Amino acid sequence: MVRERTFRSEAIVLRRTDFGEADRLLTLYTRDFGKIKAVAKGARKPQSRKTGHVEQFMRSNFLFATGRDLAILTQAEMVEPYTALRDDLILTTYAAYLVELLDRFTVEEDKHSGLYQLLADALGWLTNHDDVLLIARFYELRLLGLAGFRPQLFHCVACGEAIEEQDQFFSGELGGVLCPECRDKDRRAMPVTAVAIKVLRYLQTRPWNTVHALRLKRTVHTELENVMHFYITYVLERNLKSVEFLHRLRREAALLLPPE
């Protein structure tokens, strides 16, 4: 992508690593250019004005200079710090999952304003809504749709018949629900209850300001998570680090599931 010598965009920090003696290498998802890498020179120095703007999850207005290999961050103005996401281990883990998922589904310099707004909104939801599991499932379905992997939940992906209100199967390979008669089209498809399909449809077709009022039983949350992670793992052909950490936390203490 050809850019001017300087360019500006609002962006969210996906990842940051130490770079050189005092710099940080940032992976940013920008509103105007998609995912880019940039160097924040001197950002590790305590007196640097950039230090408070380049923490993970932060949303800021950035001014960049075009470098030979990487963009150089020259100015930053805070838009939303999402402070709570770095002060609570559970929120940190879920925020890390949201940004890792977007990172895996995107390539550099492929602008998608819908994905940017989804991430910005979802980080905000984490700061002011208690049901992190509901946020994660809604975000997954929206991201999959925007990225071109929207699961088919209303018709059998093999025969095309409308899905009836009964237990079905979910095929990662075929990208959606299989009716019982078509089970043999993918022997690796996982069973999924009629209740889970109904909730997934609701999440897929309603806006967040309607969905957020849902209150689901723990067993339903668990099934939804299993189905979505099954599908996402198939599409990405890998496990996500943040999911592995989440499972480890869950094994150590039952902190992340809402009460019955």
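Lys and Arg are counted here as positive and Asp and Glu as negative, while His and the chain ends are left out of the count. The place of a charge is NZ of Lys, CZ of Arg, CG of Asp or CD of Glu. The model is predicted: local features need pLDDT of at least 70, side-chain atom pairs count only at pLDDT 80 or more, and totals for chains, interfaces and linings use all residues. Residues are numbered from 1 along each chain as its sequence is written, and side-chain values use heavy atoms, with hydrogens and water left out.

**Figure 1. The whole protein, with 8 helices and 8 strands.**
Helices (H or I, at least four residues) and strands (E, at least two) are DSSP runs, numbered from the N terminus. The C-alpha atoms fill a box of roughly 65 × 40 × 30 Å along the principal axes. The radius of gyration, taken over C-alpha atoms, is compared with a globule rule of 2.2 Å times the number of residues to the power 0.38. For 260 residues a compact globule would have a value near 18 Å, so the 20 Å of the protein agrees. The protein has 37 positive and 35 negative side chains, and the centres of the two sets lie 4 Å apart.

**Figure 2. Surface and contacts of the protein.**
About 13300 Å² is exposed by the protein, and carbon and sulfur atoms supply 49% of that area. Accessible areas come from the Shrake-Rupley method with a 1.4 Å probe, and for residues only the protein chains shown count as cover. Buried means under 20% relative accessible area, exposed means over 50%, and partly exposed lies in between (1.4 Å probe, protein chains only). Buried residues make up 48% of the 260 residues. Contact means heavy atoms within 4.5 Å. Among contacts between residues at least 6 apart in sequence, 59% join residues at least 24 apart.

**Figure 3. Helix α2 and Asp103.**
Helix α2 covers residues 89–105. The expected span of a helix is 1.5 Å times one less than its number of residues. For the 17 residues of α2 this gives 24 Å, and the end C-alpha atoms are 24 Å apart, which agrees. The helix is mostly covered, with 12 of its 17 residues buried; among them are Leu91, Tyr94, Leu98, Leu102 and Phe105. Asp103 is part of this helix and counts as buried because its relative accessibility is 11%. Leaving aside neighbours within four places in sequence, Asp103 is in contact with Leu14, Arg15 and Lys35. Thr92 is 11 residues from Asp103 along the chain, and their C-alpha atoms are separated by 16 Å.

**Figure 4. Helix α7 and His229.**
Helix α7 (residues 218–236) holds His229. The helix has 19 residues and reaches 27 Å from its first C-alpha to its last, close to the 27 Å expected at 1.5 Å a residue. Its buried residues include Val220, Leu224, Glu225, Met228, Ile232 and Leu236. His229 has 12% relative accessibility and therefore counts as buried. Not counting residues up to four places away in sequence, His229 touches Tyr97, Arg137, Glu140, Val243 and His247.

**Figure 5. Glu237, just after α7.**
Glu237 lies in the loop between α7 and α8 (241–252). Its phi is positive, about 60 degrees, although Glu237 is not a glycine. With a relative accessible area of 73%, Glu237 is exposed.

**Figure 6. Tyr82 and Gly124.**
Tyr82 sits in the loop between β5 (71–80) and α1 (84–87). Although Tyr82 is not a glycine, its phi is positive at about 50 degrees. Tyr82 counts as buried because its relative accessibility is 3%. Gly124 belongs to helix α3 (residues 113–128) and, at 16% relative accessibility, also counts as buried. Gly124 and Tyr82 are 42 residues apart in sequence and 7.0 Å apart in space, C-alpha to C-alpha.

**Figure 7. Ala158 in the loop between α4 (132–146) and β6 (168–171).**
Ala158 has 37% relative accessibility and so counts as partly exposed. Not counting residues up to four places away in sequence, Ala158 touches Leu178, Cys182 and Lys185. Lys185 is 27 residues from Ala158 along the chain, and the C-alpha atoms of the two are separated by 7.1 Å.
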